[in-house]
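Please open the structure in your viewer and keep the selection tool at hand. The tour moves from one selection to the next and says what to look for at each stop.

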Amino acid sequence: LAAMLATPPPTTAIAWPQRLVTDYRGRFVGYLMPHARGALPACTLYNPTSRQTTSPDFDWRYLACAANNYASTVATLHERGYVISDVSYTNLLIHRNATVTIVDADSIQVPRPGHGYYRCTVGTGEYTPPELSGVDLATVDRATHHDAFGIAVLIFQLLMDGTHPYTGKYTGAGEPPSLLEKIRRGLWPHQHPHLFQPPPEA
């Protein structure tokens with residue numbers, strides 16, 4: 001937290017720690033972060049049913065703009081040496097004007113000048129790149145290209161009504177592979193039409 005406070009990214013689109021909180025004896029008890037008022041979870045807006053209920057005017061133009069704002073915000077983090085690591089739709093909030101707020105910043109990978117990183121020890125399987133699947137994340141220094149896979153998945157979902165890019169109807173022989181297995185093996189339905197039929201909405 002001290003390292004994050006010492007080098008904050010130049011953006012307000014991330015719920016970044018603002019200051020440490022101590023008790024009357026000066027002992028650390030927590031920290032303050034901004035509240036993303038009025039923002040909605042990404043899944044509420046990329047799901048066409050909930051989008052129609054909560055924000056009927058939030059059309060494709062807004063979704064594309066939100067995707068661009070998300071990518072730009074992530075780039076700002078990367079420029080400072082931070083890696084989101086645990087990319088997930090649960091960590092992205094979207095405002096009705098298509099601006100975004102990235103939350104759960106307390107679990108990102110933080111650079112330690114001259115001493116490597118404070119690692120992120122968690123990850124969400126559906127957004128984790130194949131090369132990190134099954135790896136003990138507490139032992140890995142992640143790079144910005146590791147974020148790229150999860151960011152691409154989330155942007156795909158924003159533009160394709162929430163459909164994960166590795167979702168598809170299995171047409172091959174035997175048991176269908178799980179979503180995580182398809183990611184591990186690089187079985188993208190749009191690239192392997194002999195094994196999968198991509199969903200018509202994507």
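**A hairpin to begin with**

Select Gly26 and look at its backbone: in the hairpin of E1 and E2, which has 5 residues between the strands, Gly26 takes a positive phi near 85°. Bear in mind throughout that this is a predicted model.

Now widen the selection to the two strands themselves, E1 at residues 19-22 and E2 at residues 28-32, which run antiparallel and are joined by 4 bridges. Within this pairing, pick out Val21, which has Gly30 of E2 standing opposite.

**A sheet of three strands**

Next, select E3, E4 and E5, which form an open sheet in that order, with antiparallel pairing. Strand E3 (40-41) and E5 stand at the edges and have a single partner strand each, so one side of each is left without a neighbour in the sheet. Strands of a sheet pair through backbone hydrogen bonds, in either a parallel or an antiparallel way. Between E4 and E5, which run antiparallel, there are 3 bridges to find, and Leu93 can be seen standing opposite Thr101 in E5.

**The nonpolar core**

Which residues have the most contacts inside the largest nonpolar core? Select Trp16, Tyr70, Leu92 and Ile94, which hold that place in a core of 33 residues. Helix H2 (42-46), helix H4 (60-79), strand E4 (92-94), strand E5 (100-102) and helix H5 (144-159) each supply at least two residues of this core, and H4 gives the most to it, with 6 residues.

Stay with Trp16 and display what surrounds its atoms. Leaving aside neighbours within four places in sequence, Trp16 is in contact with a list of residues that includes Met4, Leu5, Pro8, Leu32, Pro34, Leu77, Tyr82 and Ile108.

**The largest pocket**

Trp16 also leads to the next stop, since together with Thr12, Ile14, Ala15 and Pro34 it lies nearest the centre of the largest pocket, which is lined by 13 residues. The volume of this pocket is about 170 Å³, and if you colour its lining by class you will find 7 nonpolar, 6 polar and no charged residues.

**Ser85 and the cavity**

Move on to the loop between H4 and E4, where Ser85 lies. Ser85 has a positive phi of about 70° although it is not a glycine. Is Ser85 buried or exposed? With a relative accessibility of 9%, Ser85 counts as buried, because the limit for that class is under 20% relative accessible area.

Keep Ser85 selected and add Val87, Tyr127, Thr128, Pro129, Leu132, Arg142, His146 and Asp147, which together with Ser85 line the largest cavity. This cavity has a volume of about 50 Å³, and its lining is made up of 4 nonpolar, 3 polar and 2 charged residues.

**A last loop**

Finally, select Asp104, which is found in the loop between E5 and strand E6 (110-111). Asp104 is another place to inspect the backbone, with phi near 65°, a positive value in a residue other than glycine. How exposed is Asp104? Asp104 has a relative accessible area of 29% and is therefore partly exposed, the class that runs between the limits of 20% and 50%.

Definitions and conventions: Residues are numbered from 1 along each chain as its sequence is written. This is a predicted model: local features need pLDDT of at least 70, side-chain atom pairs count only at pLDDT 80 or more; totals for chains, interfaces and linings use all residues. Side-chain values use heavy atoms; hydrogens and water are left out. Two strands pair if DSSP finds at least two bridges between them. A nonpolar core is a set of buried Ala, Val, Leu, Ile, Met, Phe, Trp, Tyr and Cys residues joined through side-chain atoms within 4.5 Å. Buried means under 20% relative accessible area, exposed over 50%, partly exposed in between (1.4 Å probe, protein chains only). Contact means heavy atoms within 4.5 Å. On a 1 Å grid over the protein atoms alone, a cavity is a set of points where a 1.4 Å probe fits but cannot get out, and a pocket is an open set with protein on both sides within 12 Å along at least five of seven lines; lining residues have an atom within 4 Å of a point. Grid points are joined across faces, edges and corners, and a volume is the space filled by probe spheres set on the points. Ala, Val, Leu, Ile, Met, Phe, Trp, Tyr, Cys and Pro count as nonpolar, Asp, Glu, Lys and Arg as charged, and the others, Gly among them, as polar.
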